[in-house]
Amino acid sequence: MSQESFAPVTGDWYYPAPEIVRDANIPDYEAVAQEAQADLQAFWAKQAEQLDWFKRWDQVMDDSQAPFYKWFVGAQTNIAHNALDRHARTWRRNKLALIWEGEPGDKQTFSYWRLWREVNKFANVLKSMGVNKGYRVTIYMGRIPELVMAMLACAKIGAVHSVVYGGFSEQALADRIEDAQSRVLITADGAWLRGNIVPLKETVDEAVHRSPVVESVIVVKRTGQEVNMEQGRDYWYHDLANLPIASPICETEVMDAEDPLFILYTSGTTGKPKGILHTHGGYQVYTSTTLSWVFDIKDHDRWWCAADPGWITGHSYIVYGPLILGATGLLYEGAPNYPYPNRWWKMIEDYGVTILYTAPTAIRGLMRFGDAWPNRHDLSSLRLLGSVGEPINPEAWRWFHRVIGKERCPIMDTWWQTETGGFMITPLPSVGLKPGSATRPFPGVEVDVVDEHGESCAPGIDGNLVIKTPWPSMLRTIYGDPDRFVNQYWTAYKEQGWYLTGDSARKDEDGYLWIIGRNDDVIKVSGYRLGTAEVESGLVSHPAVAEAAVIAVPDEVRGNVIYAYCIPRTGFAPNDQLIDEIKQHIRHEVGPIAVPSKIEFTETLPKTRSGKIMRRVLKARATGQPEGDLSTLEE
Ligand code: WTA
């Protein structure tokens with residue numbers, strides 16, 4: 001389903017100030033892009049040399065079993081070594097790794113030394129629970145430092161983390177536990193959000209009831225309310241961390257570059273979430289290189305990626321990328337407008353944040369409160385801004401640029417996916433920008449907009465966005481389902497060997513790329529990725545719903561909202577109470593972000609003769625557009 005595009009194909013140019021270009025880590029995009037193109041493997045080997053390896057690779061890239069590519073073949077490493085161990089031995093041990101602020105206003109800071117010791121402790125706790133190399137550990141927490149520690153602790157001992165975003169429901173959590181077969185789960189009693197407690201532990205109890213593969217639950221105390229602790233299964237982290245076993249020294253497991261680092265579930269075309277698998281070696285090289293070049297990270301910077309560590313943006317650019325670079329990052333627990341809409345702007349002033357990376361939906365949400373809130377604060381520390389998650393409409397771009405960046409800070413509009421691990425299409429601070437365009441591919445990445453036969457589309461023509469060259473942090477597979485991996489990404493352009501992104505896009509005369517939106521049955525709501533099938537199967541699992549179809553409808557703040565069309569089962573009278581009940585049901589089955597903003601009952605759904613729901617027709621009706629070609633519509 002292609003979504004509305006607000007992006008024009010031409011736009012005004014914005015050029016960075018000369019000192020930004022002069023001081024940039026990469027002042028000349030063209031030169032580096034050419035270097036990469038001339039010899040891709042030598043280019044990535046050079047970036048990999050910036051990191052520590054226990055054993056050097058024999059081969060940079062192995063494409064002999066494509067699309068099952070391998071990177072840094074034969075090398076031994078551990079991402080936790082590069083993110084922490086090596087810094088704990090240098091002057092960086094004294095540098096802040098993480099500045100954290102809780103929603104109620106409590107604060108903590110972690111130097112590299114302190115974070116390293118805390119992670120070691122956590123790693124020893126996990127070991128004492130029987131977690132070993134290759135074990136999958138599910139993590140379900142709010143944005144607190146222990147979430148970051150838990151991820152790094154897993155990496156350190158070679159366990160594979162699967163972080164499930166704290167906004168997911170018990171069923172979504174249970175499905176992910178089941179798919180990963182996690183015997184250990186890490187959670188917290190609760191999380192603060194908009195002044196309320198999100199009852200994480202309650203959700204975990206229900207999820208573990210539905211997916212009993214979990215043997216042990218480690219619970220971090222955050223909110224302090226009474227929670228159910230099941231004897232022999234649930235343990236408070238602070239109790240375990242006080243045992244002699246939890247020493248602050250822990251040896252780092254030697255990993256093969258291609259050993260799995262994490263699984264992160266994301267929505268796809270079918271109802272079952274896909275476990276995207278990333279590995280230690282290539283991922284560490286790609287995330288650190290992209291972060292250093294695109295956001296120009298310097299030792300004096302204070303970097304704030306305002307995403308959730310439970311999404312790929314947080315994995316790559318809150319946890320791994322910044323720590324590998326030895327940067328100082330900020331993590332904030334709560335809502336941007338709590339207690340007032342100036343919360344973020346106040347934090348930028350308080351901490352002297354120099355780079356802010358966020359999502360269009362957050363920008364639009366904050367823009368609604370007017371300029372007075374940011375204008376109350378000194379935002380002069382900001383040097384660069386960034387955007388991710390969906391196309392940024394030029395109006396939001398300009399507001400961000402003018403009101404937050406004071407027309408001084410270039411905006412890095414980064415296009416990428418859970419599957420790509422890191423930025424793929426993105427400006428560098430030294431290049432000219434056009435509001436609404438993610439500009440050009442990162443050096444070493446070759447992309448194109450093509451038609452169904454693989455012919456390159458002319459400027460201004462919509463087509464499928466494909467990636468033509470392999471890159472170090474490409475997903476290695478879908479966990480437990482290599483066939484789906486091949487079918488989903490590598491079959492549409494099998495002959496050419498291109499990766500299908502699932503997005504549609506167009507190029508302009510300058511070769512700049514404009515992302516239009518998802519081309520498949522994935523909806524972006526507030527930047528979160530949801531599959532129509534996930535929401536639909538949630539709907540039909542309610543006893544009153546016989547059949548359901550959902551569509552994305554453009555929304556000023558959230559990018560898209562969901563409209564649902566349901567055929568009631570006989571015996572159920574559609575009314576407002578039933579609609580509320582179904583919304584509640586979706587909240588529990590899928591999660592709050594999946595709740596449709598409108599549910600309409602209908603007697604029929606438009607279908608093709610082969611029985612496929614024509615969402616395009618529903619969408620045209622909902623948005624008052626012409627219904628287009630109906631020749632395949634069933635009578
Ligand atoms: C969309 C998020 C336009 C796109 C990192 C992609 C974007 C999907 C941008 C992946 C952007 C992400 N401009 N669209 N700058 N960034 N997208 O896996 O549709 O949650 O396919 O990864 O988000 O979403 P995911």
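This report describes selected sheets, helices, single residues and ligand contacts in a predicted model.

## The seven-stranded sheet

One open sheet has seven strands in the order β5-β4-β17-β16-β18-β19-β20, and the pairing is mixed. Its edge strands are β5, residues 107–111, and β20, residues 411–413, each of which pairs on one side only. On average, neighbouring strands of this sheet are turned by 20° against each other, direction ignored.

At the β5 edge, strand β4 (residues 96–101) runs antiparallel to β5, and five bridges join the two. One of the bridge partners can be named: E101 is matched with K107 in β5.

## The three-stranded sheet and its helices

A second open sheet has three strands, ordered β28-β29-β30, again with mixed pairing. Here β28 (545–555) and β30 (598–601) are the edge strands, each pairing on one side only. From one strand to the next the twist averages 25°.

β28 pairs with strand β29 (residues 559–568) in the antiparallel sense, over 10 bridges. Within this sheet, P554 stands opposite N560 in β29. Two helices pack on the sheet. Helix α17, residues 532–540, touches β28 and β29, and its direction makes about 140° with that of β28. Helix α18, residues 576–589, touches β28 and β30, and its direction makes about 125° with that of β30.

## Strand β8 and its partners

Strand β8 covers residues 184–188, and five of its five residues are buried, so the strand is largely enclosed by the rest of the structure. In a regular strand the side chains alternate between the two faces of the sheet. Both faces of β8 are covered: V184, I186 and A188 are buried on one side, and L185 and T187 are buried on the other.

β8 pairs with strand β6 (residues 136–140) in the parallel sense over four bridges. It also pairs with strand β11 (residues 216–220), again in the parallel sense, over five bridges. V184 takes part in both pairings: V184 is the bridge partner of V137, and S216 in β11 is the bridge partner of V184.

## Helices α2, α3 and α12

The axes of helix α2 (residues 29–38) and helix α3 (residues 40–48) come within 5 Å and cross at roughly 115°. From α2, the residues in contact are V32, E35, A36 and A38, and they meet L40, F43 and K46 of α3. By class, this contact has five nonpolar residues, two charged residues and no polar ones.

In helix α12 (residues 343–351), the buried residues are R343, W344, W345, M347, I348 and Y351. An α-helix has 3.6 residues a turn, so residues three or four places apart point the same way. G352 comes just after α12 and takes a positive phi of about 65°.

## Two buried polar side chains

T361 is part of helix α13, residues 360–367. T361 is buried, because its relative accessible area of 11% falls under the 20% cut-off. Leaving out residues up to four places away in sequence, T361 touches E390, S526, G527, V557 and R558. With V557 the link is a specific one: the side chain of T361 reaches the backbone oxygen of V557 at 3.1 Å.

D205 belongs to helix α8, residues 200–210. D205 is also buried, with a relative accessible area of 17%. With the same sequence neighbours left out, D205 touches N228, R233 and D234. The side chains of D205 and N228 make a polar contact at 3.1 Å. A505 lies 300 residues from D205 in sequence and 43 Å from it in space, C-alpha to C-alpha.

## Around the ligand

There are 17 residues around the ligand, and D413, T414, T418, K524 and R529 come nearest. D413 falls within the stretch 411–413 of edge strand β20.

Three ligand distances can be listed atom by atom. A polar backbone atom of T414 is 2.7 Å from a nitrogen atom of the ligand. A side-chain N or O atom of Q417 is 3.0 Å from an oxygen atom of the ligand. A backbone N or O atom of P391 lies 3.5 Å from a nitrogen atom of the ligand.

Key:
Residues are numbered from 1 along each chain as its sequence is written. This is a predicted model: local features need pLDDT of at least 70, side-chain atom pairs count only at pLDDT 80 or more; totals for chains, interfaces and linings use all residues. Side-chain values use heavy atoms; hydrogens and water are left out. Two strands pair if DSSP finds at least two bridges between them. Axes are lines fitted to C-alpha atoms, for helices over the stretch in contact, and angles run from 0 to 180 degrees between N-to-C directions. Contact means heavy atoms within 4.5 Å. Ala, Val, Leu, Ile, Met, Phe, Trp, Tyr, Cys and Pro count as nonpolar, Asp, Glu, Lys and Arg as charged, and the others, Gly among them, as polar. Buried means under 20% relative accessible area, exposed over 50%, partly exposed in between (1.4 Å probe, protein chains only). A polar contact is a pair of N or O atoms within 3.5 Å; within protein, one must be able to donate a hydrogen and the other to accept it, and residues adjacent in sequence count only if both atoms are side-chain atoms. A residue is near a molecule or strand if one of its heavy atoms lies within 4 Å of it.
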